[in-house]
Amino acid sequence: MVSPGEPAAAHAARSERIVAVVVTYNRLDLLPQTLAGIACGQLVPHTVVIINNASTDGTSDYLDSLRNELNTDIVHLPQNVGGAGGFAVGIDRALARHQADLVWVMDDDTEPTANTLSEAYRAWADYSPVRSERPVFVASKVVWDDGRDHPMNTMRTMFAAGKERTQKAAAVGARPIRSASFVSVLLDAAAMRATELPLADFFIWNDDFEYTTRLAHHGNAIATEKSVALHHTKTFGTTDANPGPRFYNDVRNKLWVFCARRTLSPLEKLLYGGSTARLWASTLLRTSDKKTYTGYFLKGVRDAARGYRSNDQVLADVYDLETVNSSQRQRSHRSDSAAFSLLMSVYAKDKAHQLKDALRSNTEAQSLRPDEVVLVEDGPLSAELSAVLDEFEASASMPVKRLALPQNFGLAAALREGLDACAHDIVARADADDISLPHRFDVQIPLIANCTYDVVGSAMNEFLTDPEVVESVRSAPSHPRTISSTFATRNPMLHPTVVFRKSAVLAVGSYTEVPGAEDYWLWVRMNKAGFIFGNVQEPLVAYRVTEAYARRGGLVAFSKDYEVQRRLYNGGALSKLQWARNITVRSVYRFVPEYVRKKIFRAVTRGKTAVVQREGDRG
């Protein structure tokens, strides 16, 4: 976290790893200006990835002989795959090879000024004390050679941004936006890891629009006037009036965004689509070469209907993307160490005696104890809760790290901060009011350490006040294929029971805020990335269910369901039919009487009688 008054540059130099990505094609006259601008900044990135898109003007020789103070990673592609393909490669390399925390993207006709990166970083870092609430990207103010705002790269203020979002942006000298161009934009790598790379088949035009609207669909994005970059286009203005052959790319790519992608809401598609249709009509009416431009338009419509190719197809024999195979690459380089961290979050409404019992059950009472405990204090705590933590820290037989957040940010934010602080790759989760059975970690840790699973959970006992009195057993599917197929309908992983690989969670962007379902959205992304899930059929956690069935019903619970299903649909995890089915089922479940809901829930998650009896006799 940024300390009050600490210079952004000093903080970045110490913690965040910033990687710049520059894509170039036949602009040897401008590329040196771009690199000089980066090198002369108040804040200089750790690495500059330069993608040479098969230039034929001497750029290759220039880059091979380049000697300056920048730490550069130069990639010569064997063929020109356009700006879209170049940025897909460059971003992939920044995320996979250089483990970026932030990625600063720009074209080769961009010239950064002294404050471009430092002010963009400052706006990002000062937006919130916790990373999960910071902007998914910060766009710079882009000007032409003479200092005028460049109309090609002046981002519109977000429509209906709302008072809170507008005020938070204004507090860092910015305004909320919905999209940005690849002419100096600072991107949060965690948000980038949570989605796919830019789509290489766009080749040129609108790839940045699609990618940034995708990133900002469920996050905040801002533009700051304090971060200034120059865009050295040949003329001042937009290319709408006379786009030439690129009119074809504009038509095809915009139709892909509006019809084949899920980066925009229905209202946004209507607004952006209407604006785009007017521009196309204006271009066709104003041009003196109507036959040629009509041909561009019809070809764009035809090719849009054929659909876009995957990045693997477009980049075959050009570049082997690494982020798409992150699960396999991670598994081949893992340590067999069984050392693990225990991660817990505590907030003001937790009860002191329950917290004390939870801490003991997950540490001193375990047959296999954690190697460290990470406790996140999610906002100010009561004196009683603080006393429990103080006593535990003083008496614990293992190292204890405590992270105090200045206010209550929610479970997703707390776990993301805590996960970053965990020293070990294996991390066990536990809630502050539940009880882990004494052999829980003895069972689960070896299943992660020997690489059987990337995430492993278990069944759990439900209790009201006494964990020895089991009300019911919530079962969970155990086979990886069954778990994988279940994600489309419900969450098969019980969050209070899980143990996982930190590296696997970070590979897909860590925890993000989805009210009541931050774990579900995380697991779906990990499943899509190829990570392996498992569940132990035996209950290893006693879960407190007081008032839980009441909380599972009503409009508030359904609104959370709707948001989760929207995330899954927008993220490509659900088809329209699956989305409609899930919403229908959940609307019925959330609004039936509580006693009916209780019966339905227990029927779906009921454990076997033998398991219930064995757990009832334990202890």
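A residue counts as buried here when its relative accessible area is under 20%. Keep that cut-off in mind as you click around, and remember that this is a predicted model.

**Stop 1: strand E15 and its partners**

Start by selecting residues 455-463, which form strand E15. How many of the residues of E15 are buried? The count is 9 of the 9, so the strand is largely enclosed by the rest of the structure.

Now bring in the strands beside it. Select residues 533-544 for strand E18, which pairs with E15 in the parallel sense over 9 bridges. To see one of these pairings, pick Met 460 and look across to Val 541, its bridge partner in E18.

Next, add residues 472-474, strand E16, which is joined to E15 by 3 bridges in the antiparallel sense. Here Glu 462 stands opposite Ser 472. Finally, show residues 499-501, strand E17; this strand and E15 run antiparallel and share 2 bridges. Val 455 of E15 faces Phe 500 of E17 across the pairing.

While you have strands on screen, a tip for reading them: in a regular strand, side chains alternate between the two faces of the sheet.

**Stop 2: helix H20**

Move along to residues 518-528, helix H20, where 10 of the 11 residues are buried and the helix is mostly covered. Colour the buried ones and you'll pick up aromatic names such as Tyr 520, Trp 521 and Trp 523, but also Glu 518, Asp 519, Arg 525 and Asn 527. Leu 522, Val 524 and Met 526 complete the buried set. Just past the end of H20, click on Gly 530, which takes a positive phi of about 95°.

**Stop 3: two helix pairs**

Two packed helices are described by the angle between their axes and the distance between the axes. Try that on residues 352-362 (helix H14) and residues 383-395 (helix H15): their axes come within 9 Å and cross at roughly 20°. An angle under 35 degrees counts as roughly parallel, so that is the label for H14 and H15. The crossing of H14 past H15 is right-handed.

Show side chains to find who touches whom. On the H14 side, select Ala 352, Leu 355, Lys 356 and Leu 359. Their counterparts in H15 are Glu 384, Leu 385, Val 388, Leu 389, Glu 391 and Phe 392. Sorted by class, this contact has 7 nonpolar and 3 charged residues, with no polar ones.

For the second pair, select residues 555-570 (helix H22) and residues 576-591 (helix H23), whose axes are 10 Å apart and pack at an angle of about 170°. Are H22 and H23 roughly parallel or roughly antiparallel? They are roughly antiparallel, because the angle is over 145 degrees. The H22 residues in the contact include Phe 558, Tyr 562 and Tyr 569, while H23 brings Trp 579, Ile 583 and Phe 591 among others. Overall, the contact of H22 with H23 holds 8 nonpolar, 3 polar and 5 charged residues.

**Stop 4: two positive phi values**

Most residues other than glycine have a negative phi, so the next two are worth a click. Asn 26 is not a glycine, yet its phi is positive, about 55°. You'll find Asn 26 in the loop between strand E1 (18-24) and helix H2 (31-39). With a relative accessible area of 26%, Asn 26 is partly exposed.

Then jump to Ser 184, another residue other than glycine with a positive phi, this one near 65°. Ser 184 sits in strand E8, residues 183-188, and counts as buried at 2% relative accessibility.

**Stop 5: two buried loop residues**

Select Ser 128, in the loop between helix H5 (116-126) and strand E6 (137-143). Ser 128 is buried, at 5% relative accessibility. Setting aside neighbours within four places in sequence, Ser 128 is in contact with Glu 133, Arg 134 and Phe 409.

Last of all, go to Arg 261, in the loop between helix H9 (246-260) and helix H10 (266-286). Is Arg 261 buried or exposed? Its relative accessible area is 11%, so Arg 261 is buried. Beyond its neighbours within four places in sequence, Arg 261 contacts Glu 196, Leu 199, Glu 210, Arg 214, Trp 256, Lys 269 and Tyr 308. To finish, stretch a distance line from the C-alpha of Arg 261 to that of Arg 329: these residues are 68 apart in sequence and 28 Å apart in space.

Conventions
Residues are numbered from 1 along each chain as its sequence is written. This is a predicted model: local features need pLDDT of at least 70, side-chain atom pairs count only at pLDDT 80 or more; totals for chains, interfaces and linings use all residues. Side-chain values use heavy atoms; hydrogens and water are left out. Buried means under 20% relative accessible area, exposed over 50%, partly exposed in between (1.4 Å probe, protein chains only). Helices (H or I, at least four residues) and strands (E, at least two) are DSSP runs, numbered from the N terminus. Two strands pair if DSSP finds at least two bridges between them. Axes are lines fitted to C-alpha atoms, for helices over the stretch in contact, and angles run from 0 to 180 degrees between N-to-C directions. Angles under 35 degrees count as roughly parallel, over 145 as roughly antiparallel, 65 to 115 as roughly perpendicular and the rest as oblique. A crossing is left-handed if the near helix is turned anticlockwise from the far one by less than a right angle, and right-handed if clockwise. Contact means heavy atoms within 4.5 Å. Ala, Val, Leu, Ile, Met, Phe, Trp, Tyr, Cys and Pro count as nonpolar, Asp, Glu, Lys and Arg as charged, and the others, Gly among them, as polar.
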